[in-house]
Protein chains: 4
Amino acid sequence: MDLVNDIIGKVSLGDLAFLELKGRLPTPQESAVFNAIVVTLVEHGMTPSAIAARLTYFGAPESLQGAVAAGLLGLGERFGGSIEGAARTLQEGLQGVKPGADLRTVAREIVAVHKQRKRLIPGLGHPIHKPIDPRTPRLFAVAAGNGLSGRYVELMGLIAEEAGAALGRELPVNATGAIAALASELGIPWRVARGIAVMARAIGLVAHIQEEIEDPTASEIWSRVEDEASGHMGSGQG
Amino acid sequence: MDLVNDIIGKVSLGDLAFLELKGRLPTPQESAVFNAIVVTLVEHGMTPSAIAARLTYFGAPESLQGAVAAGLLGLGERFGGSIEGAARTLQEGLQGVKPGADLRTVAREIVAVHKQRKRLIPGLGHPIHKPIDPRTPRLFAVAAGNGLSGRYVELMGLIAEEAGAALGRELPVNATGAIAALASELGIPWRVARGIAVMARAIGLVAHIQEEIEDPTASEIWSRVEDEASGHMGSGQG
Amino acid sequence: MDLVNDIIGKVSLGDLAFLELKGRLPTPQESAVFNAIVVTLVEHGMTPSAIAARLTYFGAPESLQGAVAAGLLGLGERFGGSIEGAARTLQEGLQGVKPGADLRTVAREIVAVHKQRKRLIPGLGHPIHKPIDPRTPRLFAVAAGNGLSGRYVELMGLIAEEAGAALGRELPVNATGAIAALASELGIPWRVARGIAVMARAIGLVAHIQEEIEDPTASEIWSRVEDEASGHMGSGQG
Amino acid sequence: MDLVNDIIGKVSLGDLAFLELKGRLPTPQESAVFNAIVVTLVEHGMTPSAIAARLTYFGAPESLQGAVAAGLLGLGERFGGSIEGAARTLQEGLQGVKPGADLRTVAREIVAVHKQRKRLIPGLGHPIHKPIDPRTPRLFAVAAGNGLSGRYVELMGLIAEEAGAALGRELPVNATGAIAALASELGIPWRVARGIAVMARAIGLVAHIQEEIEDPTASEIWSRVEDEASGHMGSGQG
């Protein structure tokens with residue numbers, strides 16, 4: 001495709017991101033699902049990543065790109081890694097599984113393997129949104145409404161059911177799990193799943209820096225943390 | 001706006017990026033222009049930034065976010081900075097200028113100041129696309145077609161004319177200048193203009209890393225550069 | 001020099017850093033002064049840079065290098081830039097000045113130019129260490145004791161005197177100014193001066209991450225900042 | 001310890017790095033071994049990391065810290081990770097092993113476990129330095145000469161012997177293995193081992209940027225890689 005004739009003014013940012021990853025433009029249905037995934041990941045809260053970006057901008061205001069880069073560097077195992085992990089579980093779980101096969105058996109095996117190795121199943125549960133993460137049904141509804149709720153979405157749901165049964169407590173699919181399932185439906189390889197979060201957060205981090213330019217918070221964050229680290233806060237408020 | 005009810009499945013990635021920067025959703029016209037700007041900046045060629053990202057991934061494949069961050073770090077003065085510079089020139093140039101004022105006078109002054117200080121005018125000329133950068137008329141057409149070709153676009157064109165006259169050679173508006181003009185029409189402050197390139201390139205860099213996973217180039221790049229640095233290539237091919 | 005025969009077991013880290021920058025080993029006197037500069041810059045307090053590194057490690061514990069990189073990214077204009085600025089002032093100030101020339105005239109001119117442009121003179125004053133930064137006399141003593149207190153040190157002192165006289169208040173040389181003067185005595189170009197801080201802080205940041213591994217603080221920092229950002233703290237404290 | 005009275009002018013950079021990591025100054029013997037390790041890691045060749053730093057500086061010359069950060073980001077699994085892996089193998093291998101125990105049995109077990117899992121043993125072999133990496137005997141000699149060649153060094157050597165026997169080919173200890181053994185002798189935890197490389201490379205990368213300022217290579221590297229990527233080189237060379 002030619003940038004000038006085929007893309008500028010014709011393809012939206014989300015669709016171009018799909019094109020970059022898949023080598024072709026999305027169908028309208030794929031576009032709806034892909035955009036839904038990425039916008040869910042544009043976090044705008046005061047995450048560790050956003051705080052790191054703001055503190056970096058404070059020290060290096062000449063380098064907006066450095067502040068965004070610092071923020072992205074925190075999207076590792078703990079945050080981006082869970083999407084990767086969930087997508088991997090789903091994609092490896094369905095590898096070689098024939099159409100029409102019983103996915104509950106696959107789910108049960110995945111749960112059993114994780115339980116045996118004493119490892120958490122990525123994509124389940126959430127510390128804050130209890131008992132259910134409202135983003136999950138919304139994302140699943142977007143997939144269903146666009147005819148893209150296939151075997152990965154089904155498997156993710158079955159894993160949640162089987163995990164709940166095996167561990168004796170509610171373990172609903174969280175937003176990470178839903179995103180991993182939808183990304184898998186779109187054929188995005190798990191090794192790149194973390195990258196969708198990186199794209200999305202880059203947008204959010206630029207917005208954080210814009211906010212920081214207009215209404216700086218870094219100096220206050222610094223002095224607060226420093227006070228606390230040197231014990232002033234404890235004693236001063238004691 | 002509420003993420004679950006108002007955004008997921010309803011707002012596209014490009015429009016959410018606009019919302020993050022401006023605090024409100026774009027009109028359809030603004031959306032068209034904003035998306036046109038950002039997609040133009042999703043470079044997918046073998047830029048220094050892309051090479052840096054690929055070499056970083058080679059050393060640290062556990063950290064996709066690190067490779068993207070390394071790539072973004074190169075979007076400074078030389079690349080991202082030129083958009084910033086052009087947007088600044090336009091926005092400071094029109095500051096306090098009354099509606100209906102003669103913009104040619106403003107343009108002439110801008111050219112004169114740059115000439116006197118022996119500084120390049122950002123947003124003009126281009127080493128490769130001669131005599132004209134095909135992205136420029138396309139971007140301006142998108143703006144005009146959406147009723148968003150206002151005083152910044154006009155001023156940018158006049159600066160090019162005046163610069164050409166003052167320096168005695170063709171100095172057409174390049175893509176950077178067009179992007180800066182359109183971003184200014186959308187009310188994006190020049191201090192954040194570099195951030196639009198950062199957003200866009202984050203998408204392109206994730207795609208580069210996906211390509212690098214599937215078809216690695218870093219090792220070859222490394223040995224080629226190393227050979228050359230140690231002089232083997234010259235003598236070996238002499 | 002050969003790594004195996006001439007460096008390992010024979011050259012210390014500080015001297016190797018000098019060798020890397022200058023292309024030759026330091027004399028014992030140069031070694032003393034260079035090591036003094038760099039160790040002064042190994043900050044171990046809870047700086048914005050250290051907080052950013054710790055928060056990044058929290059999100060990406062698989063990538064120690066990413067956490068250190070995030071911390072280094074904050075060493076820009078505000079922190080590292082002041083050393084650069086002071087070194088530049090000194091080195092450009094003495095460019096072309098003949099041996100034996102009256103340096104007070106040079107100092108007066110530097111102060112006058114800064115005053116006219118309403119710009120701070122880098123390397124003077126300090127918000128915390130008042131009226132004097134104890135690191136300054138110590139660094140100057142190390143230089144003098146090693147016969148390396150030359151024209152740059154003299155000029156730095158004269159700038160402080162002239163600035164104090166011109167502005168009517170005490171403006172003593174701070175550690176940044178002393179470091180810039182000593183680096184200039186060692187012939188380190190001002191463009192690289194920021195790099196000495198980068199080297200030094202990389203060491204300090206690795207130590208921060210080691211501390212973070214043993215005694216994590218990031219989660220607490222995060223929830224504290226988040227609370228404050230969402231106004232809970234304010235209301236909670238009446 | 002007090003910076004002004006106890007450190008500036010008294011403690012060298014290498015010893016301060018030791019102090020930062022260990023919480024106390026090194027003995028003269030520890031200092032010799034620690035400095036030997038770190039200087040070995042100050043690579044100054046055209047590594048992928050150095051190329052990434054130079055390309056980044058090309059795009060963002062306002063941000064020396066960004067260029068160094070980009071270079072450090074490549075010190076992951078492939079490079080820094082091998083030191084970490086070797087140190088982990090040694091430290092976990094000797095955990096709970098009583099003084100006087102037969103270390104050959106420990107070595108044999110380590111080799112057997114790696115062989116069974118089809119995993120490379122970190123710290124052995126080297127593609128270039130064959131049959132022996134000259135840095136290894138030098139590092140071991142420094143340790144021995146300072147009375148710090150203990151059980152970790154012994155175990156590393158025995159692992160090499162056992163691996164060679166089990167796999168039927170020479171697998172000598174490489175510099176990474178020697179560094180891991182010496183770092184373990186100094187009580188540096190394996191989780192921080194990668195950090196020693198990060199410290200060391202930060203110094204080397206600043207020197208690369210200084211060289212890049214004086215004698216730029218990035219533009220040439222870029223056009224060479226770009227040519228090759230677009231196939232010009234291949235066809236041009238027949």
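How many residue pairs are in polar contact across the interface of chain B and chain A? The rule finds 12 such pairs, both residues being at pLDDT 80 or more, where a polar contact is a pair of N or O atoms within 3.5 Å; within protein, one must be able to donate a hydrogen and the other to accept it, and residues adjacent in sequence count only if both atoms are side-chain atoms. This is a predicted model, in which local features need pLDDT of at least 70 and side-chain atom pairs count only at pLDDT 80 or more, while totals for chains, interfaces and linings use all residues. Residues are numbered from 1 along each chain as its sequence is written, chains are lettered from A in the order in which they are written, and side-chain values use heavy atoms, with hydrogens and water left out.

**One chain**

- Chain A has 13 helices and 0 strands, these being DSSP runs numbered from the N terminus (helices are H or I with at least four residues, strands are E with at least two).
- Taken along the principal axes, the C-alpha atoms of chain A fill a box of roughly 65 × 60 × 25 Å.
- Of the 238 residues in chain A, 58% are buried, a word that here means under 20% relative accessible area, with exposed meaning over 50% and partly exposed lying in between (1.4 Å probe, protein chains only).
- Among contacts in chain A between residues at least 6 apart in sequence, 78% join residues at least 24 apart, where contact means heavy atoms within 4.5 Å.

**Chains B and A**

- Chain B is superposed on chain A by a rotation of 180° with 0.0 Å of shift along its axis, giving an RMSD of 0.0 Å, and copies are superposed by least squares on the C-alpha atoms of residues with pLDDT of at least 70 in both.
- That is the relation of a two-fold axis, and in chain B the C-alpha nearest the axis belongs to A69(B), 2.3 Å from it.
- The copies meet through the same surface, because 100% of the interface residues of chain B are also interface residues in chain A.
- About 4,600 Å² is buried between chain B and chain A, 74% of it on carbon and sulfur atoms; buried area is the accessible area (1.4 Å probe) that two parts lose on being put together, summed over both.
- I8(B), L13(B) and Q65(B) supply 15% of the area that chain B buries against chain A, more than any other three residues.
- The rule finds 0 salt bridges across this interface, a salt bridge being a side-chain nitrogen of Lys or Arg within 4 Å of a carboxyl oxygen of Asp or Glu.
- The largest share of the side of chain B that touches chain A comes from α11(B), with 13 residues.

**Chains C and D**

- A turn of 180° and a shift of 0.0 Å along the axis lay chain C on chain D with an RMSD of 0.0 Å, and A69(C) is the residue of chain C that comes closest to the rotation axis, at 2.3 Å (C-alpha).

**Helix α5 of chain D**

- Helix α5 of chain D (residues 64–72) is mostly covered, as 9 of its 9 residues are buried.
- The buried residues of α5(D) pack against elements of several chains, including α5 (64–72) of chain B and α11 (190–214) of chain C.
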